[in-house]
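Colleague: Got a minute to go through the salt bridges with me? I'd like to hear the reasoning behind each label.

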Amino acid sequence: MKISVLTLFPEIFDGFLDAGLMGRARRTGLLDVELVNIRDFASDKHRTVDDTPYGGGCGMIMKPEPLSRAVRSTQKARGEAHRVFLTPQGSSLNVKKIVELAGRDHLLFICGRYEGVDERFRESFVDEEISLGDFVLSGGEVAAMAIIEGVGRLLPGVMGNKDSAAEESFSEPLLEYPQYTRPAVFEGHEVPGVLLNGNHAEIRKWRRMKAEERTKLRRPDIYSEFCERTKAEPADSVNSLKTGTKGIQKNLLTNDASRTYVALLHHPVLDRNGQVVTTALTNLDLHDIARAAKTFGLAGYFVVTPIQKQRELARRIVGHWVDGKGCLANSRRRKALDLVKVKADLGQLFDSVKEDHGVEPVLIGTTANPGHRPVVSGSELFNRPEVVKRPVVLLFGTGWGLTDEMIDRADLLMEPILGPGSYNHLSVRSAVSIYLGRLFSRKP
Ligand SMILES: C[S@@+](CC[C@H](N)C(=O)[O-])C[C@H]1O[C@@H](n2cnc3c(N)ncnc32)[C@H](O)[C@@H]1O
């Protein structure tokens, strides 16, 4: 990216442009910054760039001729630019503006001084006016530096770990969660235990909750935008603020989808010959069911397989999209796969749900052939006494479906999905989407 800065004091930028990230970005050619001294474009021997204001008044105004010459000469030398005048009268700088400016090829900043610049220059040589905030500085240089650094950090290759930008304040309309580093105890103050247990899903949930709490308390304006964007009910967070995680648990129990999980079982399931087998994990099942779970607002998606290698594979795939290269490439996919929890068996699954909700879940079986077993319809399910106020796990089998032993283990069995004819061989992904659609679709 090219940046040109028109200023009366280029020396102010020295340290700033040589040190830290900006210094390295310039040395590696990711950022090409040119400082242009407006005084070089004055035409008199005293190199005058300002004069008294017409109509009287205190202070001096920067003259339009040196400024306009400087703009023309810079664009001639370095190409067309988006010309930004820094002024307290401009639109306030924020993350949206920084991201937008980071998308441009050539930014040209005009730093005012004294009482400002001649209005005719602004009208003819400025594309946009930006303010650093509702206060007055002596010059535009500090504002230009703030934008150069804000934009520079977003350029590919400038930040050592491009993921750092993904979780910072304002990457979502949220402030960043509290951060801690060694020592674990500082003057009697301990690091929160959850950060020390290595359980990434728990850490991510805690950080999320803390980010929401902090944003709600410090920036209710941003928080309401966050609620708007995530369709979260502000009430949820009010409760979570008041009663921490307990509050969150209480809220989870009020919204059916957010206390429901999908579980995909790879053992024991049936093969085409009715034999009990263990099936292999598929990337499609991982992605598509995660997307369905996210679309319908579920609490999570359990991938259950007794094979360690398969669990590692599942975690690697999820890690790529949630923490790895994939997460910046596709934040939607990140949000879906963020729901995935990988477990070895139903026992581990139950423990995990119990940890989140304090109670064991109700296990709901699914099958195309219920035989004589009683089934419940989608509209009935959440009105059943055994389901009220408890987390729910919808159990799906890969291969040719759940074994009889598994179906009998379920507390309730969902009504099968039946087509008009006898052919009934839906993929598990389709079955999940149909059931979730039956249970949680909302009216458009
Ligand atoms: C002392 S200020 C002039 C302020 C001007 N008289 C006014 O009231 O709007 C001199 C220069 O500092 C810069 N400046 C001052 N405050 C700024 C802010 N909040 N954001 C961006 N630039 C600012 C502008 O370039 C401005 O032309």
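Colleague: Why does Arg113 count as buried or exposed, whichever it is?

Modeller: Buried means under 20% relative accessible area, exposed over 50%, and partly exposed in between (1.4 Å probe, protein chains only). Arg113 has 17% relative accessibility, so Arg113 counts as buried. Bear in mind that this is a predicted model, where local features need pLDDT of at least 70 and side-chain atom pairs count only at pLDDT 80 or more, while totals for chains, interfaces and linings use all residues. Residues are numbered from 1 along each chain as its sequence is written, and side-chain values use heavy atoms, with hydrogens and water left out.

Colleague: What makes Arg113 and Glu141 a salt bridge?

Modeller: The rule wants a side-chain nitrogen of Lys or Arg within 4 Å of a carboxyl oxygen of Asp or Glu. For Arg113 and Glu141 the N to O distance is 2.9 Å, so the pair fits the definition. Glu141 has a relative accessible area of 0%, so Glu141 is buried.

Colleague: And why is Glu168 called partly exposed?

Modeller: Its relative accessible area is 24%, which falls between the two cut-offs. Glu168 also forms a salt bridge with Arg153, at 2.7 Å from N to O.

Colleague: What about Arg204 and Asp338, how do you know that they pair?

Modeller: Their closest N and O atoms are 2.7 Å apart, so they pass the same rule. Arg204 is partly exposed at 25% relative accessibility, and Asp338 is partly exposed at 30%.

Colleague: How many salt bridges does the rule give?

Modeller: The count comes to 26.
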